[in-house]
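Here is a friendly walk through one protein model. Have a look at the sequence and the fold, then read on.

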Amino acid sequence: MQKTQINNIDHDDQIILFFNALFGENTLDAILNICLKTKDKGLITSSFESSDHDVITKTITQLREKGDVYFEVCLQNNFPEQGKRGKALDKKIMLGLWFDVDVAGKNHAASHYPKTKEEALSFVKDFNPSLVIDTGGGYHFYKLFKEPWILKSEADREKASFLIEKFQRHIISEGKKNGWHLDFTGDMARLMRIPGTFNYKRDKSTPVQIIHYDSDCRYSPDDFDFLFAQPEENIDVICAHQDGVLQNYPLAKICDIEKSCAWVEHCRVDAHMLKEPLWFAMLSIIGRCENATIIAHEWSSPYPEYS
């Protein structure tokens, strides 16, 4: 395996190495969204042609001094509305699969995560990742594709969305064997931290950095077909029928609701500035969905005062 030596790589070179790992030598006709999160201004999005590598790198080096810098993991067809995040339905290219493993401690008060970075990293390495990022509060890992997956149709997007959902559920299930409750981070407009920037979640900034990259460790979407053979958890919820009789109904899937409801999509995309009454309304819907606790935390976390 070709494991890239990453010791003593400075912050700027971390950014370059990261996007080289994601894009390779491919010239991708798509839009990359970069997001800056600050305590006073919330989330601000800047969008670029994904082939503008120098411009992207320069912008990130400027933004990292102002706050936390993220990118949307899937590239999209069109520039979003100015300052707004991208939408899952406009995603055009998937570069691989991803997961975010948080560690209990100063950055995450919840106790259901791995207790140490050492046990979290050991868990991550068991999945043979292409790329591992130390975020300062845990690890992001990627299983990168041999070639970017071009999503040419709605059917392709649905398949890609289903694949990342199944992959995430698989990792979460494996984490449960260790007594952990890992977060679902499988939406196609997911924000992930960029190496070469800083984690400002606490008073002291912490570098976000690549700790492992194996350029030969690549996958094809078909390599994950085994996930589709795994049974879904069958969980029911008690709901009141309109005739007053209590009956059991299966929990809904939030991804299906979001595809059909612009308001629910707005709650996720604009979560960083969602007013409290709308937030409660959103939770009333999420509470009737599969993995409600995970999704509620995930959709609420962009809000600056959420903890």
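Let's begin with a pair of helices. H7 and H8 pack at an angle of about 155°, and their axes are 10 Å apart. (Axes here are lines fitted to C-alpha atoms, for helices over the stretch in contact, and angles run from 0 to 180 degrees between N-to-C directions.) H7 and H8 are therefore roughly antiparallel to each other; angles under 35 degrees count as roughly parallel, over 145 as roughly antiparallel, 65 to 115 as roughly perpendicular and the rest as oblique. Their crossing is right-handed, a word used when the near helix is turned clockwise from the far one by less than a right angle, with anticlockwise giving left-handed.

Which residues of H7 meet H8? On the H7 side they are Trp 279, Met 282, Leu 283 and Ile 286, and on the H8 side Ala 292, Ile 295, Ala 296, Trp 299 and Ser 300. The residues of this contact between H7 and H8 divide into 8 nonpolar, 1 polar and no charged. (Ala, Val, Leu, Ile, Met, Phe, Trp, Tyr, Cys and Pro count as nonpolar, Asp, Glu, Lys and Arg as charged, and the others, Gly among them, as polar; contact means heavy atoms within 4.5 Å.)

A word on where this comes from: the model is predicted, with local features needing pLDDT of at least 70 and side-chain atom pairs counting only at pLDDT 80 or more, while totals for chains, interfaces and linings use all residues. Residues are numbered from 1 along each chain as its sequence is written, and side-chain values use heavy atoms, with hydrogens and water left out.

Now for the overall picture. The protein has 8 helices and 13 strands; helices (H or I, at least four residues) and strands (E, at least two) are DSSP runs, numbered from the N terminus. Of its 307 residues, 49% count as buried, where buried means under 20% relative accessible area, exposed over 50% and partly exposed in between (1.4 Å probe, protein chains only). Among contacts with a separation of 6 or more, 68% involve residues 24 or more positions apart.

Next comes another helix pair. The axes of H1 (residues 11-23) and H2 (residues 53-63) come within 10 Å and cross at roughly 135°. That makes H1 oblique to H2, and H1 passes H2 in a right-handed crossing. From H1, the residues Asp 12, Ile 15, Ile 16, Phe 19 and Phe 23 meet His 53, Ile 56, Thr 57, Ile 60 and Thr 61 in H2. That contact of H1 with H2 divides into 6 nonpolar, 3 polar and 1 charged.

What covers the buried residues of H2? The cover includes H1, E1, E2 (42-49) and E3, and the buried residues themselves are Ile 56, Thr 57, Thr 59, Ile 60, Thr 61 and Leu 63.

E3 (residues 68-72) deserves a look too. Since 5 of its 5 residues are buried, E3 is largely enclosed by the rest of the structure. Asp 68, Tyr 70 and Glu 72 point one way from E3, Val 69 and Phe 71 point the other way, and all are buried.

The strand pairings make a handy list; two strands pair if DSSP finds at least two bridges between them.

| Strands | Sense | Bridges | One bridge pair |
|---|---|---|---|
| E1 (residues 31-38) and E3 | antiparallel | 4 bridges | Ile 34 and Phe 71 |
| E3 and E8 (residues 191-193) | antiparallel | 3 bridges | Tyr 70 and Arg 193 |
| E4 (residues 74-76) and E5 | antiparallel | 3 bridges | Leu 75 and Ile 93 |
| E5 and E7 (residues 138-150) | antiparallel | 9 bridges | Met 94 and Trp 149 |

E5 (residues 91-102) is mostly covered, with 12 of its 12 residues buried.

Gln 76 is found in E4. Is Gln 76 buried or exposed? Gln 76 is buried, at a relative accessible area of 1%. Its C-alpha atom is separated by 4.5 Å from that of Lys 92, 16 residues apart along the chain. Leaving aside neighbours within four places in sequence, Gln 76 is in contact with residues including Ala 30, Asn 33, Gly 86 and Lys 92.

Finally, two asparagines. Asn 128 has a positive phi of about 50° although it is not a glycine. Asn 128 sits in the loop between H3 (117-125) and E6 (131-134) and counts as partly exposed, at 36% relative accessibility. For Asn 291, phi is near 55°, again positive in a residue other than glycine. Asn 291 lies in the loop between H7 (276-286) and H8 (292-300), and is partly exposed with a relative accessible area of 30%.
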